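This report goes through selected residues and helices of one protein chain. It takes the local sites in turn and ends with a table.

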Amino acid sequence: RRMAAMPDAGATFKEAVQALNHHPDPAVKQQAEQWLKQFQEGSEAWTVCDRLLHDSASSPEANFMCAQTLKHKVQRDFDDLPVGAAGSLRDSLVALLLRFGEGPTRTQLALAVASLAAHLPAAEWGSGGGGALQWLAARLTGAGADGNAGNSAGATALPCLLELLTVFPQEAGSYRPAVRPDRRRAFARELITASQAAVHLISSCVQHLPENTRNKRGRILDAYAAWVRLSQGRLNADDPSAGGPREPPQIDPATLAAHPLTALALESLGLHATDEAAFDHAVDAVCELVRATVTATTSGGGSAVDNTGTDAVGVNGGIPPASMPLVQLLVPRVMALRPALTAAAGTDGADDDVAKGIARLFAEVGEAYVDLIATGAPDAIAPVEALLQVTAYPDTDIAAMSFFFWDRLSHVLMGRRGDPSGDTNGGPLEAEAERARRHQLFRPAYVHLIQNIMGRLRYPDGFEHWHREERQDFKRMRYAVADTLTEAAAVVGGAQALQIIAAPLQELLACADAAAPSPSFDWRKVEAALYCVRSISKEPPPPDDPLLASLLASLADLPAHPQLLYTAALTASAYSEWLSGALSCAPNPALLQRLFAVLHRALFHDDTDTRGAAALALKHLCDATAVHLAPFLEPLMQLYTTALTSTSTVAGAKETESSAGTGGGTEGAASSSRVGGPERGMDPDDVLQVIEGLCYVVSALPTEQADPVLTAMLQPIAAALMHAFPPAESAGPAAPDSGLIVLHFDRLATVMRHVAHPELVAGVFRELWPVVARGLERCGDRDERAAEHICRCIKYAFRTSRYRLTDLVAPAAALYTQMFARRQHASLLFAVSELVRSFGRDESCFETLRVSLEEVMSWTSKILRELSNFDAAPDVADDAFLLAKVCVSHCPSVVINIRVLPAVIDMALAGLHVQHREACCSMLIFLRNMLQARDEGSVGVLRQVLPPRGEALARALLGGALGSLPTARLEDVT
């Protein structure tokens, strides 16, 4: 309040800046910050900041704040300037640039000038039409039309020009200036067109800048790198509204190869030991030069065409012939840094920054010329050896910089990114021979790659105390290594890759003992090796491979460490398809027994993630090997029973706490002394995985064998439901626990969905129908979530059984209709739509479905009368029109009739402009399908119903197309 009361805004500004930077009281700092924000929004900020910047008495903090304020004003509030004020603002900014030396204040002023150039077209910078850069060069240095800064440029003007040359290309296409998209694109084109003149200006700065200019080399290289990138039509920020191909290159590779600034950048690469900052700037510049050599192959999204009009793809590995001189200049100089990388690896992290720059250069060269490298030409092998050196670097982050190259090279060699042998002039046999030659050539490199990176997956010391972010970083690193191992195995071959990884693993497993592990046993090494084995599962060895069978069998001997069991379970899961093939070749019940033993231990471990991995692995194993698991039915049923009972005491509380029905593990359950290990509280989702796995086994059995197993599976679920929903004459819980209801019906739904014996599913569900109906009736009025899960269970039973449950269609439809009349739950509308989907083409069910649809649509039309009703109940609207759409597809006369269709169209007219995406899309799709109906009955009804509503419907659709609805829905509207 005291600052706001001062009459001099400049003095108040200075006081606020002083308080913001130096006052000890946080409250005063906050007050100063609020005042400064308000001041920056006002129009007086233009004149006050300009005056303070010209005042030599202003403090450095005030100068920086003023320069930053002017930059923001130019970017956001340029249109607030009076007509004709832009010229005086431009002159003042140039004068201020010359007044301030190198530092953050001058950088902010340079950015303000760049933003001003984004607002002012080239014609407003002088009669020559050269744009902002030519005007600024002439103003600052007296440069002529040739773009050369004259000797008259002083020690202050040239650094200012160089700063402008650095920030201008970085602002090309930027969204910070508040300009229209066409002006943003025009400004970017102006700068791209001026890139050749800008590079000439940078060369002049090299000649005329005083030698004692601070960071001269780094600033020149930064500017050069930015203009090289821009000269190739690449912006710092892409404009997604621009469309079409990017601008064509303005500086050809031959000019870049002969340019003295290129020589300066390459020379600066040798300064890694003496001037690390200059080396970093040189790395940026050389990376841009490497990208410039392949711009012609990617510009415009088409194939490369050189200046002779010849298609260049396939020649020199996709590199245009015109770029080869620059490539031949860059690659040897970059590869000459290999000894420096070797030296950095031995400094115990002291030279990691230098190594990072070298690794970046190697990766840039490898990725840019991967097609040339894949040809196997002698001169193209050096980058492969250099990138192998990167993979061996001690720091994993630096080693990972090479991973993308190895992935791309693998894709080329395996033909997943074009045919690597497509440039041969022979036939298929010659192409295959060439492909084999390349595989043979690069296979040793990928062997070394596997050996270099497989050890990076080991958990380090102290990982137990990591924060969440550290765990996420480690997980991302593991994913990256795993992806690279997969690509390496594709080139090397699954069997050889497994041999490389398994060599140290077999020695480690020899010390493993589940009961009493050896003191020399290191679980982290074993876990890392198993993770590698799991990573290459997409490239498995042949089904009769004894090594993999031995490794999988040895999993049962692992100690019960959570991370170790977790990875062991997922490894077994990853090779479930291979195991199926191996068992088909030669039955191996001992291997299956050992795998189920390790999964049993993991399934009832204390660790939540370990239990989840084991449940997933059990499901996948049962799915892949179901035809071989009949001898294991008894232990699988015991496992199933244990899993069900392990959650019976805790799932209700867990489900009640989680209204969404999902969550983590349920630890802390009471243990027991049951044979096979203590019971643990399993996550309900993990139990569903176990049930699904057993369903696959039951599905593989003959019907007569599957019947008693299915009955045994359903017995505990049916007993729980009977207890929760006894007949009306029996005593039972007045209000069963919502979580337990969801739990038991989800289990029943899993069985109904995944048992592939429709006749058995129909029989057992018919027996369970009374308790299912009681459950829906008692939950429908008080628990929408439970009712939704019950309807989902019924849906899967009908889908699996189809016509075998037509006798339940009438009672189900009547129950849905009765429940919807009492409580308009969206799930009930969806349930009716599922009945229509399953039985809509069954003539015996037609009348039942017609009556049900008429009644639910009658109730729906009463609650969806105006747009606000749709906003309040979008799920009801979505499912109502989903039901109507399904009817149009399966039994059109149920909805396209004179009794139902008028009310449905009236609802669509009332809610067509609802902003809820799913509800609106359901309406639009229904209207489209309805209008496309061509059967005689539908056409007759439409001719009666549409004319009174045609004008209103057309207006509603046009209103949606013209802006009432988001652009994403325009296709459905039109």
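## Selected sites in a predicted model

Thr375 sits in the loop that joins α19 (370-374) to α20 (382-391). The structure is a predicted model. With a relative accessibility of 17%, Thr375 counts as buried, because the cut-off for buried is under 20%. A polar atom of the Thr375 side chain is 2.5 Å from the backbone oxygen of Leu372. Leaving out residues up to four places away in sequence, Thr375 touches Glu434, Arg437 and Arg438.

A second threonine, Thr166, belongs to helix α8 (residues 157-171). Thr166 is also buried, at a relative accessible area of 15%. Residues up to four places away in sequence aside, Thr166 touches Arg219, Asp222, Ala223 and Ala226.

**The pair α18 and α20**

How do the axes of α18 and α20 cross? Helix α18 (residues 352-368) and α20 have axes that come within 10 Å and cross at roughly 140°. That angle makes α18 oblique to α20, because only angles over 145 degrees count as roughly antiparallel. The crossing of the two helices, α18 and α20, is left-handed. On the α18 side, the contact is made by Ala359, Phe362, Ala363, Val365 and Gly366. On the α20 side, Pro383, Ala386, Leu387 and Val390 make the contact. Sorted by class, the contact of α18 with α20 has eight nonpolar residues, one polar residue and no charged residues.

**Ile536 and helix α27**

Ile536 is placed in the loop between α26 (523-535) and α27 (546-554). Is Ile536 buried or exposed? Ile536 has a relative accessible area of 1% and is therefore buried. Apart from its neighbours within four places in sequence, Ile536 is in contact with Leu485, Ala489, Gly494, Ala497, Leu498, Ile501 and Tyr575. Ile536 and Ala482 are 54 residues apart along the chain, and their C-alpha atoms are separated by 7.5 Å.

Helix α27 follows that loop. Why is α27 described as largely enclosed by the rest of the structure? The reason is that seven of its nine residues are buried. These buried residues of α27 are Leu547, Leu548, Ala549, Leu551, Leu552, Ala553 and Ser554. The elements that cover them include α25 (494-509), α26, α28 (562-574), α29 (576-585) and α30 (589-603). At the N-terminal end of α27, Asp545 acts as a cap: one of its side-chain oxygens lies 3.2 Å from the backbone nitrogen of Leu547.

**Two residues with positive phi**

Asp348 is not a glycine, yet has a positive phi of about 55°. Arg802, likewise not a glycine, has a positive phi of about 55°. The location and accessibility of each residue are listed below.

| Residue | Phi | Loop between | Relative accessibility |
|---|---|---|---|
| Asp348 | about 55° | α17 (338-345) and α18 | 77%, exposed |
| Arg802 | about 55° | α38 (784-801) and α39 (809-822) | 36%, partly exposed |

Asp348 counts as exposed because its 77% relative accessibility is over the 50% cut-off. Arg802, at 36%, is partly exposed, because this class runs between the 20% and 50% limits.

Note on methods. Residues are numbered from 1 along each chain as its sequence is written. This is a predicted model: local features need pLDDT of at least 70, side-chain atom pairs count only at pLDDT 80 or more; totals for chains, interfaces and linings use all residues. Side-chain values use heavy atoms; hydrogens and water are left out. Helices (H or I, at least four residues) and strands (E, at least two) are DSSP runs, numbered from the N terminus. Buried means under 20% relative accessible area, exposed over 50%, partly exposed in between (1.4 Å probe, protein chains only). Contact means heavy atoms within 4.5 Å. A polar contact is a pair of N or O atoms within 3.5 Å; within protein, one must be able to donate a hydrogen and the other to accept it, and residues adjacent in sequence count only if both atoms are side-chain atoms. Axes are lines fitted to C-alpha atoms, for helices over the stretch in contact, and angles run from 0 to 180 degrees between N-to-C directions. Angles under 35 degrees count as roughly parallel, over 145 as roughly antiparallel, 65 to 115 as roughly perpendicular and the rest as oblique. A crossing is left-handed if the near helix is turned anticlockwise from the far one by less than a right angle, and right-handed if clockwise. Ala, Val, Leu, Ile, Met, Phe, Trp, Tyr, Cys and Pro count as nonpolar, Asp, Glu, Lys and Arg as charged, and the others, Gly among them, as polar.
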